[in-house]
2 protein chains.
Amino acid sequence: MINIAILGYGVVGSGVAEIIEKNKNNIAARAGQNIQVKRILDIKNFPDAPHKELITDNPDHIFKDKTISLVVETIGGTRAAYEFTKNAFMCGKHVVSSNKELVAAHGPELLKLAKKNRVNYMFEASVGGGIPIIRPLSRCLSANRINSITGILNGTTNYILTRMKVNGESFEDALKDARQKGYAEADPTADIEGHDACRKIAILSSIAYNEFVDASVIKTEGISKITMNDMEFAEAINSTIKLLALSRYENGKIYCRVAPGIIKKTHPLAGVDDVFNAVLVNGDAIGDAMFYGQGAGKLPTASAVIADVIDIVHDRYSVVDNVWVRPEKSNLVDIANESIRLFARFSARNREAAKQKINKVMGKVEYIELKANNEIAFITDLDLEGKLRALLASLRGSSEINKVENIIAAYI
Amino acid sequence: MINIAILGYGVVGSGVAEIIEKNKNNIAARAGQNIQVKRILDIKNFPDAPHKELITDNPDHIFKDKTISLVVETIGGTRAAYEFTKNAFMCGKHVVSSNKELVAAHGPELLKLAKKNRVNYMFEASVGGGIPIIRPLSRCLSANRINSITGILNGTTNYILTRMKVNGESFEDALKDARQKGYAEADPTADIEGHDACRKIAILSSIAYNEFVDASVIKTEGISKITMNDMEFAEAINSTIKLLALSRYENGKIYCRVAPGIIKKTHPLAGVDDVFNAVLVNGDAIGDAMFYGQGAGKLPTASAVIADVIDIVHDRYSVVDNVWVRPEKSNLVDIANESIRLFARFSARNREAAKQKINKVMGKVEYIELKANNEIAFITDLDLEGKLRALLASLRGSSEINKVENIIAAYI
C-alpha cells in the first residue's frame, strides 16, 4: 500500500480524495497496489467534510512522515505551492500537481530539483483538466517531430464565446452568465485576458519541442474586445471566433501566441463549444490528432491527477523524463516578422471613400458585407504581421475612417 | 543501443523503418537510447527498397539472433503472424503489433504467453491507426470507471458515408471512388461489413472493462445497405449516419455492437469525416473525452507502433499490464433485451393506410417528411430492440406496406 498526502482541500484536492475512495479497487488494479490518502493539508477547517479527520494545518505532519511517499499539490499559485513542492522533493517525495501557474513559472527549476532528489514531478492535470494531453504528447506521439499545437485551453472564455455565438449575447452578459454558473471566478482576469491559456500553451510547447517556453514572453491577448459585430462578420464567412493558444516549431524556432482567432466552421476546433477544451496536434508522422474533453471541473481534473499518481506508484515514470532547461534568451520568434492574415473592422464616415482609401493602403483585401451592419470589415492577404498592423494603424488617422473597431487573426 | 526486427515489409512495416531512421535523434532522446532496425523479415524481394540489405526470408535470422530484443509484427492476419508472435515470446523477445485481427482473436493467449516469458506484447497501432487510444484508455483514464466507448473506427466506411452525404453519391459509386483512391482494398468485405471495426471495439472494450470481449460474438452490421434515401431522411432531422462501434458497461454486463447509427449533427462524432477515425470515451470522473486522428495510413500507424517500441525500450511497461482472461461464456448482453430507438423506412402501396397501420402496430412514432420522397420513414419511441424489430417485422406482411427498405439504430 502507498500513502499519499493532498496539499489543499479545494475543488480539485477534494475531488482527488473522493475518486481515490470511490474507485479504490479499479485504481489498485491499475497501480498494482492500494493507494490511500493519509493526510490532507489545509489551513481552513472543514467540520463537515468526509475526510475531516485527515486534515491538518501542520505541514510537518506530511513532510516529516516517512510513510508518505507522494504528495498531490492542488493549492495553486506560486507562493505556498512553490515552497511545499520544493520541500516535498527535498524530503524525497514525488509530487503530482494540477498547478499550471507554478509549472509555467518554475518548471525548469522544479524538474531539476526533482531529478536531483530522484523523485518525479508530474502535472498532466495542469493542462486541459481531465483531457489526457501531456502523456499523449510526450509518450504516444514520441515517434513524431511535433510541428504545431493549436488549443482551446480555457473553458471560461470558450463558454463566453459560445454564448455570444449561439445566444447573440454581448461579452458582458455572457461573462455575467458564466459567473452565475460558476464557470468564471470573482476576478476573471486570468481567464478573460488569456493568461491561463498562455501558461498552458507554454507547458505543452515545452513538452512538444523539448525546450522550455517561458510563458511571460508569449504575446497574449484575451477576448474582452470581441463584440457581437465581430461574431456576425465571422458568421457571414461561415467561420467562428475562438480563443486560440497556438505554437509551431519551424527551423529550430518557436512561434507561440494566445489570441482570438477566426477559423472556418469546418476546422476541427470550431465545434468545440461551451466549457470544453481541445488540443489539435500536428506531427510529422501522425498528421493531425485532436484531444477533446472537459478542460476543468472537480472530477475531470482529479481524474488526471490520479492518472499521474497511478503511473508513479506503478513505477512507469523515471526521473530522467521531462527535464527542461530555461534558455538564456527567449527562444520565441518575433511574431511581427511572421506571415498571417488579419480580419479588420472599421466604422467609417463615408463607406465608399473609406474603401478606396483601404484599397490604396492595403492592396488586396476581401470585404465581408453584412446587410444590417454599416461597418467595413475585411480580411487582408497573407503578409508579415508587423507590416499589416502598421498599415492598418496608418488608416486610423485618415479622414475617411472613423475608428478601427477591432483586429483579429484570421486562420482561414 | 537496442536492435529490433520488423516482420513484414508492407505499408506499415516499411513506415516503421522509415520513421525510425528519419526521427532517430528524437526517438533516442525519448527512449533513452538509440533504436536500430537490424533485420526485416519478408518472403518477397525488394531490390529497390531503402532497407533491402536488412531483408531476409529466414525467420531464424531474427529469432535466433540474441542481439535482437524486440520484434515489430506488421504482417497482419492470424496465420504466420500468430506463429511468429508465439516464437518471439518463447525466444524472450518483446512484440509490438499493429495486427488487430490477431489481438482480437488470440489476445488472451498471447498476453498470457508474453507474461510467462517476462516480455511485453503491445498493440497501440491495432486500433485507430496513429490515434493514441489504447494508452489513454489504460493509463490516462485509469482513475475512471469507463462507462462507454463510441467509435468511428474504420476509415474506409467513414470515407464512403462521407462521400454519400457530401456528394450525394450512391454506396456503389462511393466505394468505387474509395478503391480508386486506395482507401478500400480489392476485397473490401472486412471493412464494408464492419468486421474491422468489430475487432477494434473488441480490443478497446477488453482494455476499458478489463474483461476480454470476444469479437466473434459481437453483433456486427456493415454499411452496404445504406442508401441515399437513408442519408436524406437523416439530413431532414439534422442528423447523419455513421458506422458506429460502441460498447457500454452497466451492472457488470457489457453491451457491444457494430452497426450504422443515426446521430445528431451536434454529436461530437458527427463532424468526423473522410478517412478520419475518432473514439468518444465516457468515464465516471472525466465525463466525455474524444480522441481524433488518422485511423490508418503508413506513417500514422508507424507512429503508434514506434510509441510502443519506445515505451518498452524505456522500460515503462511491465509484463503485469493488460492480461485478459477469455471468459467461459460470453460476457455480452443480448442486445434484443436492451432499449433503443430505431429508424425505419418503408415503401407503401397506400401512404395514408400504411401510416394508420403503423400507428396501430408501433404506437408512438415520429414521422420524417421529405418533399421529394414518397417513402414512409419514422423513428420509434425508446423500447426493447427485440420487441421493436418484431413489431417492424410484423408490418412486413401487411397489405398496406410494400417493403421494409431499411432499419437503422437512431441515437437521437
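**Figure 1. Parallel pairing of strand 8 with strand 10 in chain A of the predicted model.** Strand 8 of chain A, residues 219–220, runs parallel to strand 10 of chain A and is joined to it by two bridges. Within this view, A:Thr220 lies opposite A:Val258 of strand 10.

**Figure 2. The antiparallel hairpin of strands 9 and 10 in chain A.** Strand 9 of chain A (residues 239–250) and strand 10 of chain A run antiparallel and are connected by 12 bridges. Across this pairing, A:Leu246 faces A:Arg257, a residue of strand 10. Two residues separate the strands of the hairpin, and A:Asn251 adopts a positive phi near 50° there.

**Figure 3. Strand 10 of chain A and its pairing with strand 18.** Three bridges link strand 10 of chain A to strand 18 of chain A (residues 401–411), and the pairing is in the parallel sense. A:Ile263 is placed opposite A:Tyr411 of strand 18. Strand 10 of chain A spans residues 253–264, and 10 of its 12 residues are buried, so this strand is largely enclosed by the rest of the structure.

**Figure 4. The ends and the kink of helix 5 in chain B.** The N-terminal end of helix 5 of chain B is capped by B:Asn99, which has a side-chain oxygen 3.2 Å from the backbone nitrogen of B:Glu101. Helix 5 of chain B comprises residues 100–116 and has a kink of about 85° at B:His106, shortly before the proline B:Pro108. Just after the helix, B:Arg118 has a positive phi of about 55°.

**Figure 5. Buried residues of helix 5 in chain B and the elements they pack against.** The buried set of helix 5 of chain B includes the leucines B:Leu102, B:Leu110, B:Leu111 and B:Leu113, together with B:Val103. B:Ala104, B:Gly107, B:Pro108 and B:Ala114 are also buried. B:Pro108 thus appears in this buried set as well as shortly after the kink at B:His106. The buried residues of helix 5 pack against two strands of chain B, strand 4 (68–73) and strand 6 (121–122). They also pack against helix 4 (80–90) and helix 10 (195–209) of chain B.

**Figure 6. The relation between chains A and B.** A turn of 180° with a shift of 0.0 Å along the axis lays chain A on chain B with an RMSD of 0.0 Å. The two copies are thus related as by a two-fold rotation axis. At the interface, 100% of the interface residues of chain A are also interface residues in chain B, so the copies meet through the same surface.

How values were computed. Residues numbered from 1 in each chain as written. Chains lettered and ligands numbered in written order. Predicted model: local features only at pLDDT ≥ 70, side-chain atom pairs only at ≥ 80, totals over all residues. Heavy atoms only, no water. Bend = angle between axes of the 7 residues up to and from the residue. Helix = DSSP H or I, 4+ residues; strand = E, 2+ residues; numbered from the N terminus. Buried < 20%, exposed > 50% of the residue type's maximum accessible area, 1.4 Å probe, protein only. Contact = heavy atoms within 4.5 Å. Polar contact = N/O pair within 3.5 Å; in protein donor to acceptor, adjacent residues only side chain to side chain. Pairing = 2+ DSSP bridges. Least-squares fit on C-alpha atoms with pLDDT ≥ 70 in both.
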